[in-house]
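Reader: I'm new to this structure and a bit lost in it. Please pick a single part and take me through it slowly, spelling out any term you use.

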Amino acid sequence: MTLLRHTHAGEVQERHALTINPAKTCQPIGAMYAALGIHRCLPHSHGSQGCCSYHRSTLSRHYKEPVMAATSSFTEGASVFGGQANLLQAIQNIFTVYQPDVIAVHTTCLSETIGDDIPQIVEKATEEGLIPAGKVVIHANTPSYVGSHTTGFANMTKAMVQYFAESVLPDKVSGRLNVIPGWVEPADMWEIKRLVRLMGLEPIMFPDTSGVLDCPQTGMHQMFPKGGVTVEELKASGDSAATIALGPVCSGPAAKHLAVKCRVPSTILPLPIGLQATDRFIMELRKHNGGRVPEEIADERGRLLDLITDMHQYYFGKTAALWGDPDTLVALSELLLAVDILPKYVVTGTPGKSFLKQMSQVLLDRKHEVQVREGSGADMFLMHQWIKNEPVDLLLGNTYGKYISRDEGIPLVRHGFPILDRVGHQYFPTVGYRGAIRLLEKILDAFLDRQDEECGEETFELTM
Ligand code: SF4
């Protein structure tokens, strides 16, 4: 991160083979997070201990909860001859010692490079009687030299459909919706389920980390907390009336696969962060409840609108720099534009040209004022170079922006993954109308706190 401090203003050097401080992390972290959203599931990292430790510690540091996961613990032998023996032994040990209902295996760079065939190993485990009756081993391929943590999340979520979803009823169940929430906080998952239920519908949410990574303190350690989507619910997802996938990158592949496998019609929407995106989500839900919007939701929307009106005078004309995951960045950009803050710089390390297209659709006639990048060259170093050349008023992204914030004296509002240096974010949603109220309050506080710190005595006012 000290490299950021040596970033100079001036000409931005194009880099094709070098990433400096990437705006992403590795695939298995996403697969592990998604797998934790299955009730009584133990994620399993098929690779070296170091990978698993890194993934667990990053998730633990963000969610401030112990993250349980197992590893195939590759050493030199497995690295040369493959990890079949390690995984067979692991499956036997895990079911004997920890007794999960599901083991969710994800691969790593090493096991992918070796070419380990996970379904073949699981088949062998079944033949050898290592998988007890009623228990399941699922898997997702998550080579970290492809995509990012969001790809890993998407792959493991799609695996839930591949392994579990089934269509057994003659008709789809009216009023029951599959909701794939994307990579959001446990608090966001609670909020999305609350909105769906207020609309009179019954959600099957997968993955669902609410009640898993935001557990109450009871004084007792629970290996498998009470939250998470159950295997029965995952199976029943094939008979739901429809699927709403929030975020095309994280949730789109699972929704598409469910549509093909079980003929469940799917709609892919942006994450419901901000007024317009939440409107779209509610309008989609209306298609399934006869068009009714309860007064409680209408009131929440009205309060957000009122708040935007009150805050607009402070926001107008401000600029922001954003980094993080494609699904989140598209939604945050729309939220900022709605209050007249220009998202001037937007970078994601997750590769994918569809992100650029979505950003164009959000930016519309302001796109010529905005720099948007994706992929390996879109990193925090580039972001810092841009900011040095032309500063912004706000930084909006994960913890890694704190170095730029300190060096350039620009306020940082933390959002996204990972947040390693603050506590409590997992308890407050930023989705839905109520979530937008919280996010806008945090942004305005950052602006006004900075104004109070920097202004002269003669302009330091009690009322602002
Ligand atoms: S990038 Fe590859 S080797 Fe590094 S922690 Fe991730 S999976 Fe392991």
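Author: Sure, let's stay with domain 1, see what it leans on, and then walk through a sheet and the helices beside it.

A bit of housekeeping before that. Residue numbers start from 1 in each chain, following the sequence as written. The model is predicted, so local features are kept only at pLDDT of at least 70 and side-chain atom pairs at pLDDT 80 or more, while totals for chains, interfaces and linings use all residues.

Where is domain 1 along the chain? It's built from two stretches, 2–21 and 297–457. Domain 2 covers 27–164, and domain 3 covers 173–295. (These bounds come from an automatic or database domain assignment.) Going by C-alpha atoms, the centres of domain 1 and domain 3 are 26 Å apart. Where those two touch, domain 1 puts in 32 residues and domain 3 puts in 31 (a contact means C-beta atoms, placed from the backbone, within 7 Å). On the domain 1 side, the elements that give two or more residues are α13 (295–315), α14 (326–338) and α18 (432–454). Of these, α14 gives the largest share, with nine residues. Sorted by class, that side of domain 1 has 18 nonpolar, nine polar and five charged residues. (Nonpolar here is Ala, Val, Leu, Ile, Met, Phe, Trp, Tyr, Cys and Pro; charged is Asp, Glu, Lys and Arg; the others, Gly among them, are polar.) As for the element names, helices (H or I, at least four residues) and strands (E, at least two) are DSSP runs numbered from the N terminus.

Keep α14 in mind; we'll come back to it after the sheet. Five strands make an open sheet here, and reading across you get β11-β10-β9-β12-β13, paired in parallel (two strands pair if DSSP finds at least two bridges between them). At the edges you'll find β11 (371–374) and β13 (412–414), each of which pairs on one side only. From one strand to its neighbour, the average turn is 15°, direction ignored. (Axes are lines fitted to C-alpha atoms, for helices over the stretch in contact, and angles run from 0 to 180 degrees between N-to-C directions.)

If you want one pair to trace by eye, try β9, residues 319–323, and β10, residues 342–348: they run parallel and are joined over five bridges. For a concrete starting point, find Ala320 and look across to its bridge partner in β10, which is Pro343.

Now for the helices. Helix α15, residues 353–363, lies across β10 and β11, and its direction makes an angle of about 155° with β11. Helix α15 also meets our earlier acquaintance α14: their axes come within 10 Å and cross at roughly 10°. The two helices are therefore roughly parallel to each other (angles under 35 degrees get that name). So who touches whom in that pair? On the α14 side you can pick out Pro326, Val330, Ser333, Glu334 and Leu337, and they meet Phe355, Gln358, Met359, Val362 and Leu363 of α15. That contact is made up of seven nonpolar residues, two polar ones and one charged. So α14 turns up twice in this tour: at the contact with domain 3 and against α15.

One last oddity sits just along the chain from the sheet's edge. The loop between β13 and α18 holds Pro418, and a cis peptide bond with omega of about -5° joins Phe417 to Pro418. Why point it out? Because most peptide bonds are trans. That loop also links two things you've already seen: β13 is an edge strand, and α18 is one of the elements on the side facing domain 3. If you'd like something to hold it against, another cis bond joins Phe206 and Pro207, with omega of about -10°. Pro207 is in a loop too, between β6 (202–205) and α10 (231–236).

Key. Parallel < 35°, antiparallel > 145°, perpendicular 65-115°, else oblique.
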